[in-house]
Amino acid sequence: MEKRQGYMDRALLVGVDLENDFTDIDNSLEELEELVIAAGGLVISKIVQKKENINPTYFIGKGKAEEIKLACEELDITTIVFNDELSGAQLRNLEKLIDKKIIDRTNLILDIFANRATSKEGKLQVKLAQLKYRLPRLVGFRDYLSREGGGIGTRGPGEQKLEIDRRHILREINNIERQLKEIEENRNIKRQKRLNSNLPIIALVGYTNSGKSTLLNTIVKSDSEKGDNREVFVKDMLFATLDTSLRRGSLPNGQNFLITDTVGFVSKLPTHLIEAFKGTLEEVKYADLLLHVVDASNKDLDIQIETTLDILKDLEVLDKPIITVFNKIDKVGNSNIFYSNNLIGDKVFISAKEGTNLSKLMKMIEEGIPYEYKYVLLKIPYDQQSTLSYFMDNYEIENLRYEEDGTYINLYINPIDLEKYKDKIIK
């Protein structure tokens with residue numbers, strides 16, 4: 001865990017278990033703890049309050065807030081992290097009563113993203129999300145940001161940006177949106193080039209830390225001659241990578257494809273963050289096949305599957321071909337994986353780390369890509385050079401090679417185009 005400015009945040013987690021909310025509060029707090037660790041903090045204790053309704057003043061009851069104040073003094077707590085999003089008034093009231101730094105789940109996730117973003121676009125997207133989140137909460141933020149020291153929840157725009165007036169922040173937001181618009185235009189040009197390449201595009205989607213980056217590395221390394229061997233960063237933690245990665249690979253039949261990684265999802269993903277990363281997430285819309293990667297070893301995989309499918313539904317891509325890839329079976333084995341039947345498309349059980357069933361997955365990808373990207377093999381005898389010339393002159397050939405016996409020239413062609421040239425096909 002990371003230390004900043006000489007100390008590590010000692011965090012107390014606070015969750016509210018509402019009667020009409022069917023979320024497992026214990027599992028939700030476990031994920032919140034992982035987020036705190038990912039941000040460089042140390043979880044000292046957790047407090048849960050059962051309530052019928054949210055308190056508009058303190059989110060929790062005032063008595064519980066006073067109890068938290070005493071716990072902070074006894075346990076030397078520096079930061080209190082709420083499992084839900086707080087309003088500006090609630091932040092201000094809680095900090096005034098407890099006299100400690102108060103952050104919520106949304107701010108925590110934004111803080112992690114601010115620390116992990118490496119590309120110019122990623123940094124701008126996170127900064128935009130932070131400003132939009134903090135704008136209505138300026139008063140609540142001023143107290144703890146004026147104190148000395150740093151810690152989780154304080155990365156990004158910084159004190160100087162939050163202390164200026166609202167109009168200046170709005171101008172900053174407009175400036176970032178303008179820069180992102182320019183980046184989006186450049187991305188659209190690159191995307192069009194990819195679409196014009198006649199190569200199928202495969203997108204990896206799924207919950208954070210499900211092993212998407214590891215799978216991408218494994219797939220592109222499986223073909224050392226045709227694959228793109230540039231590895232993407234991998235680490236066993238939430239949101240290890242944020243920036244979209246694009247690599248080139250090869251299917252068992254020799255056909256090339258492009259594969260892209262996307263930012264991992266998480267429950268209660270901040271609305272501002274989804275909106276800020278909308279341009280990046282829209283890459284999924286242009287994919288021809290989705291690999292929904294699931295951490296088979298996670299006991300909450302059903303919740304993670306549902307969260308991912310909900311976001312894919314919002315992106316309007318559930319009509320695309322989807323393969324559900326249960327990863328990390330090296331940790332649990334196929335027989336110990338329990339999941340709902342609420343899945344879309346085919347499923348396969350693999351270990352990206354060990355390479356288990358990778359060949360099966362690649363075969364499923366080969367069969368799952370849309371028909372217009374598939375190729376068939378034409379065997380053209382050497383004495384039919386006019387037929388070969390016809391195809392070479394009228395169609396962009398994907399591959400051309402000689403058979404070992406020297407009898408035929410093998411020609412790969414898209415089956416749709418066979419309709420155009422069927423009068424020339426050798427029976």
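A salt bridge, as the term is used here, is a side-chain nitrogen of Lys or Arg lying within 4 Å of a carboxyl oxygen of Asp or Glu. The exercises below apply this term and a few others to the structure above, which is a predicted model.

**Exercise 1.** Decide which residue forms a salt bridge with Glu177, and state where the two partners lie in the chain.

*Solution.* Begin with the distance: the closest N and O atoms of Glu177 and Lys132 are 3.2 Å apart, and because the cut-off is 4 Å, the pair counts as a salt bridge. Next, place the partners: Glu177 belongs to helix 8 (residues 166-196) and Lys132 to helix 5, so that the pair, 45 residues apart, links distant parts of the chain. Finally, consider the surroundings, where Glu177 is partly exposed at 33% relative accessibility, and Lys132 is also partly exposed, with a relative accessible area of 27%. By the same rule, the count of salt bridges comes to twelve.

**Exercise 2.** Examine the salt bridges Lys64 with Glu67 and Arg178 with Glu182, and work out how the partners of each pair are placed along their helix.

*Solution.* Take Lys64 and Glu67, whose closest N and O atoms are 3.3 Å apart. These two residues are separated by about one helical turn, because they stand three residues apart in helix 2 (residues 62-75). Their exposure can then be read from the cut-offs: Lys64 has a relative accessible area of 16% and is therefore buried, since buried means under 20%, whereas Glu67, at 39%, counts as partly exposed.

Now turn to Arg178 and Glu182, where the closest N and O atoms are 3.2 Å apart. Both residues lie in helix 8, and their spacing of four residues is about one turn of the helix. Arg178 is partly exposed at 44% relative accessibility, and Glu182 is partly exposed as well, at 43%.

**Exercise 3.** Find which residues touch the most other members of the largest nonpolar core, and which element gives the most to this core.

*Solution.* The largest nonpolar core holds 49 residues, and of these Val81 and Leu108 touch the most other members. Several elements give two or more residues to this core, including strand 1 (10-18), helix 4 (105-116), helix 5 (120-134) and strand 8 (289-295). Helix 1 gives the most, with six residues. Another core, of 24 residues, lies apart from the largest one, and among its members are Leu291, Val348, Met362 and Met364.

**Exercise 4.** Describe the backbone, the place and the exposure of Glu316, and then name the surface patch that it helps to form.

*Solution.* Start with the backbone, and recall that most residues other than glycine have a negative phi. Phi of Glu316, however, is near 60 degrees, a positive value. Glu316 is found in the loop between helix 12 and strand 9, and with a relative accessible area of 65% it is exposed, because exposed means over 50%. Together with Asp302, Glu306, Asp310, Asp314 and Asp319, Glu316 forms a negative surface patch. Asp310, one of these residues, lies in helix 12 (residues 301-314) and counts as partly exposed at 40% relative accessibility.

For comparison, Asn357 also has a positive phi near 60 degrees. Asn357 sits in the loop between strand 10 (346-349) and helix 14 (358-368), and at 31% relative accessibility Asn357 counts as partly exposed.

Definitions and conventions
Residues are numbered from 1 along each chain as its sequence is written. This is a predicted model: local features need pLDDT of at least 70, side-chain atom pairs count only at pLDDT 80 or more; totals for chains, interfaces and linings use all residues. Side-chain values use heavy atoms; hydrogens and water are left out. Patches are made of residues with over 30% relative accessible area and no salt bridge: like charges are joined within 9 Å, nonpolar side chains (Val, Leu, Ile, Met, Phe, Trp, Tyr) within 5 Å. Accessible areas come from the Shrake-Rupley method with a 1.4 Å probe; for residues, only the protein chains shown count as cover. Lys and Arg count as positive and Asp and Glu as negative; His and the chain ends are not counted. The place of a charge is taken as NZ of Lys, CZ of Arg, CG of Asp or CD of Glu. Buried means under 20% relative accessible area, exposed over 50%, partly exposed in between (1.4 Å probe, protein chains only). A nonpolar core is a set of buried Ala, Val, Leu, Ile, Met, Phe, Trp, Tyr and Cys residues joined through side-chain atoms within 4.5 Å.
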